[in-house]
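Here is a short note on the spaces inside and on this protein. Keep the structure open while you read.

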Amino acid sequence: MYISTRGNIEKQTAAQAIALGMVPQGGLFVPETIPHVDWQELKGKNYAGLALKIMNLFLDDLPPEVLDEAVKVYGDGRFDTTNPVPLTDVGNCGILELWHGPTAAFKDMALQVLPYLLASSIKTIGLQSEVLILTATSGDTGKAALEGFKDVPGTKIAVFYPDGGVSPVQERQMITTGGSNTYVAAVKGNFDECQTAVKNIFSSPVLKQKLAQKNLVFSSANSINWGRLMPQIVYYFWAYLQAAEGGKIKPGEQINIVVPTGNFGNILAAYYAKRMGLPLAYLICASNKNNVLTDFFRNGVYDSKRPFFLTSSPSMDILISSNFERFLYEMSGRDDEKIRSWFADLTTKGKFEADGQTLQECRHNMIAGWASEEGVAETIRQVYEEFDYLLDPHTAVGMKVYADYRKKNGDETYTVVTSTASPFKFAHHVLNALNGDTGNESDPWEALYSLSERTGWEIPIGLKSLSQKAAQRVTRCNPDEINEYLIREFSLGTCI
Ligand SMILES: *Cc1c(COP(=O)(O)O)cnc(C)c1O
């Protein structure tokens with residue numbers, strides 16, 4: 001069963017939690033109990049088999065054949081490698097490449113299976129309605145969600161991205177999806193404004209009623225949806241199994257995990273893997289210049305009222321990390337009263353302060369650090385020159401924070417850095433970094449090909465033909481116009 005971080009809804013089954021996406025009156029679903037699994041019993045499985053085993057532990061009420069079908073995505077050719085998530089050695093750490101899916105970012109790991117889980121959840125709870133999936137994106141979720149839900153019967157998907165806040169490749173990917181059920185809107189504002197506006201829609205009773213009249217219900221493909229987060233737990237087990245099999249570690253030895261973090265979903269999945277019994281030591285939360293999380297770990301104050309920076313790692317340009325709420329819920333000893341009061345403060349004052357014990361518990365599990373834009377570019381260049389390996393800017397944030405941490409603390413524990421995007425997705429930044437050029441004026445399409453020519457690395461298939469594809473209609477609106485946009489687009493009657 002699933003409970004709310006704010007204690008404001010009765011227990012829900014997995015199907016209910018996934019179908020709802022988030023608690024309608026605010027709050028996120030977390031599993032009431034966290035299953036335990038012995039990693040040694042998982043040896044010898046392929047990725048699909050591992051995913052089946054792990055996800056089954058969380059989805060009691062879905063028919064077993066649904067998961068059997070869903071995990072096939074990892075082996076049916078849509079990932080461009082036989083091992084969908086290879087662990088590669090680079091210098092003194094392992095890099096877990098999570099970007100071999102159709103959209104070249106790690107979001108595919110979950111968003112390829114979410115449509116199966118969501119469709120089945122809707123059916124399991126007996127809803128006859130169609131689902132309208134609302135997704136705020138800092139760039140990568142949007143495309144991965146559009147690709148996952150494109151032409152899936154019984155669903156429509158609307159994606160909202162910050163106008164001017166995503167990379168040219170990301171924008172192009174989103175607007176060339178096609179499909180009869182996909183909608184894309186550019187919101188004037190940053191990702192946080194976009195995400196807050198979309199979250200507010202979930203709690204709008206008026207819109208909900210209007211949707212119901214059209215036989216539609218809302219759900220979310222953001223990592224606020226448990227169905228989106230859970231598939232991400234699998235690859236941490238996969239990383240550990242590969243490290244153990246490759247002789248990088250002794251069986252049972254603890255490893256560190258570094259995660260370039262934005263909305264805190266990916267690193268939270270690592271935390272749940274640890275709680276499930278995977279031998280993980282520190283989880284290292286790496287931020288870019290938008291370093292609100294680093295500050296929190298330093299002084300216990302989460303302060304989102306600060307300058308917002310557009311960086312070379314746009315998918316991490318986030319000041320309100322939604323899934324941090326789930327982490328704090330666990331770190332406070334599941335104190336929903338504290339969560340309610342902190343998140344009320346965040347809404348009204350833009351900040352909150354955690355108590356000392358919660359902060360101590362946070363630091364016990366996680367280390368936080370951040371990387372500057374210069375540090376990111378330098379890391380990309382250095383790693384390429386030394387190891388012939390290309391990092392995208394997000395992964396470079398992780399590498400830089402890890403290098404600083406290791407230097408400062410001398411911690412030689414085997415460490416896996418999650419690589420969250422293909423370098424080609426941010427080719428112009430990567431190319432500038434290699435050329436020691438800090439400007440980013442180069443043409444994004446040319447950069448894609450120049451990077452390939454320069455390094456001999458192949459452009460992922462999903463990015464190759466982008467510039468030739470026809471673009472669909474994109475609506476531009478303000479955050480407070482999203483309501484009207486939905487009403488217009490989905491013929492929900494008059495404006496409110
Ligand atoms: C989404 C994303 C991140 C941030 O992941 P969270 O789960 O939101 O913390 C980092 N890098 C890339 C490339 C992403 O697409």
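1. The ligand occupies the largest cavity. A cavity is a set of points, on a 1 Å grid over the protein atoms alone, where a 1.4 Å probe fits but cannot get out. A molecule sits in one if more than half of its atoms lie within 2 Å of its grid points.

2. This is a predicted model, where local features need pLDDT of at least 70, side-chain atom pairs count only at pLDDT 80 or more, and totals for chains, interfaces and linings use all residues. Residues are numbered from 1 along each chain as its sequence is written, and side-chain values use heavy atoms, with hydrogens and water left out.

3. The largest cavity has a volume of about 270 Å³, taken as the space filled by probe spheres set on the grid points, which are joined across faces, edges and corners. Its lining has 26 residues (each with an atom within 4 Å of a point). Phe106 and Ser315 are among the closest to its centre. Helix α12 (265-275) gives the largest share of the lining, three residues. Helices here are DSSP runs (H or I, at least four residues), numbered from the N terminus.

4. Which residues are closest to the ligand? They are Lys107, Asp140, Gly262, Asn263 and Thr420, out of 15 that surround the ligand (a heavy atom within 4 Å). This shell holds five nonpolar, eight polar and two charged residues. Nonpolar means Ala, Val, Leu, Ile, Met, Phe, Trp, Tyr, Cys and Pro; charged means Asp, Glu, Lys and Arg; the others, Gly among them, are polar.

5. Look at the polar atoms next. A polar side-chain atom of Lys107 is 2.6 Å from a ligand oxygen. A polar backbone atom of Asn263 lies 2.8 Å from an oxygen atom of the ligand. The side chain of Thr420 places an N or O atom 2.8 Å from a ligand nitrogen. Of the 380 Å² that the ligand exposes when taken alone, the protein buries 98% (Shrake-Rupley method, 1.4 Å probe).

6. Now the largest pocket, with about 700 Å³ of space. A pocket is an open set of points with protein on both sides within 12 Å along at least five of seven lines. The lining has 32 residues, and those closest to the centre include Thr196 and Lys199. Helix α8 (191-202) supplies seven residues, the largest share.

7. The second largest pocket has a volume of about 370 Å³. Its lining has 18 residues. Helices α17 (373-387) and α18 (393-409) each supply at least two of them.

Terms used
A polar contact is a pair of N or O atoms within 3.5 Å; within protein, one must be able to donate a hydrogen and the other to accept it, and residues adjacent in sequence count only if both atoms are side-chain atoms. Helices (H or I, at least four residues) and strands (E, at least two) are DSSP runs, numbered from the N terminus.
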